[in-house]
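The exercises below are meant to be worked with the sequence and the model side by side. Try each task before reading its solution.

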Amino acid sequence: HLRKDPDNRLVSRMPLRRMDAEEVRDTVLLLSGRLDETRFGKFDDVEVRKDGLVTARFKDDEAVLRRSIYLRHRRKEMPTILETFDQPAMNPNCVERTNSTIVTQPLYLLNNAMVYDLAGHFARRVAKEASADPAGQVEHAWLLALNRQPSDDEIKSGVEALASLTEEWRQSLAESGSKDSPEEKALADFCHTLINSAGFLYLD
């Protein structure tokens with residue numbers, strides 16, 4: 001296909017595209033097991049935090065959150081994750097969405113506390129649904145996040161990453177006196193990495 005139709009003029013293949021803003025948020029919530037897929041009803045309110053970020057308001061860390069279409073939108077209080085991933089502004093007439101690739105997008109997924117918290121929920125879901133075997137956890141997390149089976153090399157590198165992260169967390173938690181599980185922390189980091197990967201954001 002690439003040789004016969006390099007510019008895709010014959011529409012011989014699906015063009016690579018990044019998920020829209022709502023898809024990014026809803027998919028992260030879905031992976032974490034905290035997406036409320038109920039149709040209709042009351043919207044989720046938003047709050048402006050002290051650091052300026054606009055997020056959904058929820059009562060506790062275990063609360064489920066509604067799909068982005070049911071998230072309250074105000075002109076001056078656009079949810080930060082949606083705005084970062086190019087949801088159209090409310091003021092002008094938008095006939096076509098922009099699709100940018102800017103540094104604030106990976107920085108948001110990497111540094112946002114709520115995304116990291118959702119990655120922790122994702123990890124707990126993987127630990128519950130998969131075997132205790134690291135290879136099984138890598139395979140299950142990969143399938144959920146990227147919608148495909150990992151290759152043998154990807155499983156191997158994932159298992160090695162989990163082992164390395166577990167050892168780092170074991171040392172760090174011992175120094176701090178924390179009783180948290182290094183295996184759970186390592187799996188959360190691994191799941192967070194998958195959410196930050198191009199394979200998660202881009203549909204091919």
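**Exercise 1: A charge over a ring**

Task: Find the ring over which the charged end of K185 sits, and then look for a second arrangement of this kind, at R66.

Solution: In this predicted model, the charged end of K185 lies over the ring of W169, at 5.3 Å from the ring's centre. Turning to R66, its charged end is placed over the ring of Y70, 4.0 Å from the centre. A search for aromatic pairs, by contrast, returns 0 for the whole structure.

**Exercise 2: The surroundings of L173**

Task: Decide whether L173 is buried or exposed, and list its contacts beyond its sequence neighbours.

Solution: Begin with the location, which is helix α6, spanning residues 152-176. Next take the relative accessibility, which is 8% for L173; because buried means under 20%, L173 counts as buried. Then set aside the neighbours within four places in sequence, and the contacts of L173 are S178, D180, S181, P182 and K185. As a last step, compare two separations for L173 and S131: they are 42 residues apart in sequence, and their C-alpha atoms are 24 Å apart in space.

**Exercise 3: Two helices, α1 and α7**

Task: For α7 and then for α1, compare the span with the expected value, and establish how many residues are buried.

Solution: Start with α7, whose 14 residues reach 20 Å from the first C-alpha to the last, close to the 20 Å expected at 1.5 Å a residue. Of these 14 residues, 10 are buried, so α7 is largely enclosed by the rest of the structure. The buried residues are P182, A186, L187, A188, D189, F190, C191, H192, L194 and I195, and they pack against α1, α3, α4, α5, α6 and α8.

Continue with α1, whose 12 residues should span 16 Å at 1.5 Å a residue, which agrees with the 17 Å between its end C-alpha atoms. Here 9 of the 12 residues are buried, so α1 too is largely enclosed by the rest of the structure. The buried residues of α1 are A21, E22, V24, R25, D26, V28, L29, L31 and S32. After α1 comes G33, which has a positive phi near 80 degrees.

**Exercise 4: The largest nonpolar core**

Task: Identify the residues that touch the most other members of the largest nonpolar core, and trace the contacts of I195.

Solution: In soluble globular proteins, nonpolar side chains tend to be buried together. The largest nonpolar core here has 40 residues, among which F122, I195 and F200 touch the most other members. Two or more residues of this core come from each of α1 (21-32), β4 (54-56), α2 (80-84), α3 (104-111), α4 (113-129), α5 (134-146), α7 (182-195) and α8 (198-201). Not counting residues up to four places away in sequence, I195 touches V28, L31, L109, V115, A119, F122 and F200.

**Exercise 5: The protein as a whole**

Task: Describe the order of helices and strands, the overall dimensions, and the share of residues that count as buried.

Solution: Count the elements first, which gives 8 helices and 6 strands; along the sequence they follow the pattern β-α-β-β-β-β-α-α-α-α-α-α-α-β. The C-alpha atoms fill a box of roughly 55 × 55 × 30 Å along the principal axes. Of the 204 residues, 37% count as buried, while the protein exposes about 12800 Å², with carbon and sulfur atoms supplying 53% of that area. Finally, among contacts between residues at least 6 apart in sequence, 60% join residues at least 24 apart.

Definitions and conventions. Residues numbered from 1 in each chain as written. Predicted model: local features only at pLDDT ≥ 70, side-chain atom pairs only at ≥ 80, totals over all residues. Heavy atoms only, no water. Core = buried A, V, L, I, M, F, W, Y, C linked by side-chain atoms within 4.5 Å. Buried < 20%, exposed > 50% of the residue type's maximum accessible area, 1.4 Å probe, protein only. Helix = DSSP H or I, 4+ residues; strand = E, 2+ residues; numbered from the N terminus. Contact = heavy atoms within 4.5 Å. Phe/Tyr/Trp six-rings, centres within 6.5 Å; stacked < 30°, edge-to-face > 60°. Lys NZ or Arg CZ within 6 Å of the ring centre and 35° of its normal. Expected span 1.5 Å × (residues − 1). Areas by Shrake-Rupley, 256 points an atom, 1.4 Å probe, with all protein chains shown as cover.
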